[in-house]
Structure formats: C-alpha cells, structure tokens
Amino acid sequence: MFATKALEEADRIATICNACRYCEGLCAVFPAIETKRAFVEADLTYFANLCHACGACFQACQFSPPHEFNVNLPRVLAQVRADSYKGYVWPRALGGVFDRNGLWVSVLAALSVAAFVLALAAFADPAMIFATGSEAGAFYRLMPHAAMAALFGAVFLYAITAIALGFRAFWRGIGPRGGSRGPSIWRAMRDSGELRYLGGGGEGCRNIDDTSPDHRRIYHHLTFYGFLLCFAATVVATGYHYVWGRLAPYAWYEPPVILGTLGGIGLLFGTLGLIAAKWRRNPIMEDQPRRGMDYAFSLMLFLTALTGLLLLFLRATAAMGILLALHLGVVFALFLTLPYSKFVHGLFRFAALLRFAIERQSLTIVE
Ligand code: SF4
Ligand code: SF4
C-alpha cells in the first residue's frame, strides 16, 4: 500500500513498463525501473525526479489512453514529482502554501516588498521616488545600502538554508545505500548540465500535435545559464562595493553590467520560451492542478530579467525609483519562494541523476 493515489498509479504503470520494456532507449527512467522487481515509495520518487517530462514515452506507448491499460507515465511521474517538492521542503508546513498558490504568493510578495521600499523612500523624502540622475550611489537614495544588504542578505541566507535542508532530506529519502560517489558526481553533473535526457531518445520533447519537437532544451539552457550570469553579476557587484568601495549603478562597460545584461537577455528569452512550450504541451501528460507552480517560477525569473533590464535602460530617468522598487520586490520574492518553487526540480533531478550514476556504476545498468 502506498500513501497516495499517485504513488499507487506510478507503481502500477512502472510494473507494466518493467514487463514491456519497449521504451528502454528513451531516457534514464526505464533502465532505472528495470533494476527492480518491486518498488517502494523512494524508488517511485526517484523515477519521478529522473523523468524530464519530454513526453516521448507517452507518444510511443501502445498502451496509452484510450487503451484499457491507460498507461500515462509522464503525467503520473509529474504528480509524484510535485508531491516530492512539497514533501521534502523545509519547513514542511510551507510546502502546502506554495503547492497550488505559488503564482499568487510570489506576485503578492513582490508587490509587498516594492510597496515597502517606496513607502520607506516616501517617508524619508517623497521627491526621491521620482528623482533623476544615475551617478554613483543613486540607487541608495531610495533605500540605504545597509538596509538593502540586511534585507537581501537575510532572505538569501534563509533561501540557501531551506534549500540545503530540503535537498538533504530528499537525498536521505531517495539516495542509494553504499556505492562509489566520486566519479558518479561528475557524471551526474554532466548529465544535468547537458540536459541529456530531455532529448526523449533523440527526437526531443513532443508537442501537442506530435509532429514537431519543441525547443525546451534550448530554453532551459538560456534560463539556467542566464540565471548563473545574473548571479555572477551580483557577486562581482558585491566585490565592487565592499572591496573597491565603488557604488552602484555602474557604467554599461563594467563587468557587473555586462554579466547582468547577458544573463537578463538569456533569462528573458529562456523563460518566455519555456512558458510558451508549456502552454503548447499536451495537457493529458501534465499534472494539471499544479501547473501554476511551474508558471510561477518562470514568471518570477522573467520579471526579474524584465525589471532589471528596464532599470538598466531607464536608470537616468524619473522612472528609476519605481523600477528599482519593483526590481527589488521581484528579486526578494524570487529568493523567498525559491525553496518552495519549481527551482528545486533542478536539485532533485541532480540527486536522482546521481543515484542513477551510482547504480549504473555498481549494477552496470545498460542504457
Ligand atoms: S510507456 Fe508503454 S510502451 Fe513504453 S515501456 Fe511503458 S508500457 Fe511499454
Ligand atoms: S523523460 Fe520522457 S521518455 Fe522518460 S519517462 Fe519522462 S516523459 Fe517518458
């Protein structure tokens, strides 16, 4: 007996797939299933996070609906996967808050912080909100640097702690007992960095019409590396401030601006592409009630990039104060919701790929 209907269904379908084995060349999920004769909850959660939701097995399956076997592996794995995001978060009580309301919680948090920043500025001097000028230190007219550092340092530390504790709980839940981890970590990093299994056996993800592969892999890469570049821009800007005593905003040719601009463009196009690809996907393969959670994370990344780029181009105008407040609000909300958003799918997938690499080494799984 399993704790949820989704786990029961995943067990039923995995048992059918284990007998059928037609899809074993498509991705890592099938070779992983084939190492077992029976499954426990940890195995099914592991398969769910190993799945990249490409949809290729649904299209290939001779038992998919309307066949009476009703085999729909992408959807049931999406349901188990979403349950794992909720089940392993820290603190556990917050999992349910974001599970179905992620979009609204993120938008409300962003607007609240933006309003707080503007109220703070209005309290000090209302003229500051629409003041012009992009000289060094102009951003801190709206909010003193010490207050900004304290607010964002606190939310960043909270996010990192919650993400680390969630990841540890997940690894304890699904990780293999024993096995050599050293070389497997490198293998898992390569597989996740390349999004190797998003290829669905070579043809790519399948769209609603099953005629053309979509480009989710490209959009994922743009989003992932865009996020990393923006993070690098923040780290370099922190060095500028504390090591060299240089105050933001910086000129367009300075490394923090170049990194942030490239990252912002990557995020903008990557997240737009992911949202569009999700919109076009065949809904039968999805965990419909929890689509909002997927959109929330992409939307927050999109808004982070959009407000950041607008701030860059309009920072010498009277719109700077409002745009900075909005950008700070969106970034704060992004970090606050990071441990409970779709962001964790990258870490959980890495953990699943690590288990797969360890088992492949010790059990010689053949792909
Ligand atoms: S998804 Fe269908 S065709 Fe593929 S292994 Fe499972 S039962 Fe067989
Ligand atoms: S990665 Fe694609 S082929 Fe593999 S189980 Fe998931 S949806 Fe099916």
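**Notes on the ligand shells and aromatic contacts**

1. Starting with ligand 2: its surroundings are made up of Leu26, Cys27, Val29, Phe30, Cys51, His52, Ala53, Cys54, Gly55, Cys57, Leu73 and Pro74. Bear in mind that this is a predicted model. Sorted by class, the shell around ligand 2 has ten nonpolar residues, two polar and no charged. Helix 2 (29–33) and helix 5 (73–87) both chip in, with at least two residues each.

2. On to ligand 1. Around it you'll find Ile16, Cys17, Cys20, Arg21, Tyr22, Cys23, Phe30, Cys61, Gln62 and Phe63. Helix 1 (residues 5–20) gives the largest share of this shell, three residues. The class split for ligand 1 is eight nonpolar, one polar and one charged. Worth a look on screen: Phe30 is listed around ligand 1 and also around ligand 2.

3. Now the aromatics. The count comes to 17 aromatic pairs. Take Phe227 and Phe343: their ring centres are 6.2 Å apart and the planes meet at 45°, so this pair counts as tilted. The two rings come from distant parts of the chain, 116 residues apart, with Phe227 in helix 10 (residues 216–242) and Phe343 in the loop between helix 13 (320–337) and helix 14 (344–363). As for exposure, Phe227 has a relative accessible area of 22%, so it is partly exposed.

4. Another spot to check is the aromatic cluster formed by Tyr85, Tyr88, Phe170 and Phe348.

5. Finally, a charge over a ring: Arg355 places its charged end over the ring of Tyr46, 3.9 Å from the ring centre.

Note on methods. Residues are numbered from 1 along each chain as its sequence is written. Chains are lettered from A and ligands numbered from 1 in the order in which they are written. This is a predicted model: local features need pLDDT of at least 70, side-chain atom pairs count only at pLDDT 80 or more; totals for chains, interfaces and linings use all residues. Side-chain values use heavy atoms; hydrogens and water are left out. Rings of Phe, Tyr and Trp (its six-membered ring) pair if their centres lie within 6.5 Å; planes under 30 degrees apart count as stacked, over 60 as edge-to-face and the rest as tilted. Helices (H or I, at least four residues) and strands (E, at least two) are DSSP runs, numbered from the N terminus. Buried means under 20% relative accessible area, exposed over 50%, partly exposed in between (1.4 Å probe, protein chains only). A charge sits over a ring if NZ of Lys or CZ of Arg is within 6 Å of the ring centre and within 35 degrees of the ring normal. A residue is near a molecule or strand if one of its heavy atoms lies within 4 Å of it. Ala, Val, Leu, Ile, Met, Phe, Trp, Tyr, Cys and Pro count as nonpolar, Asp, Glu, Lys and Arg as charged, and the others, Gly among them, as polar.
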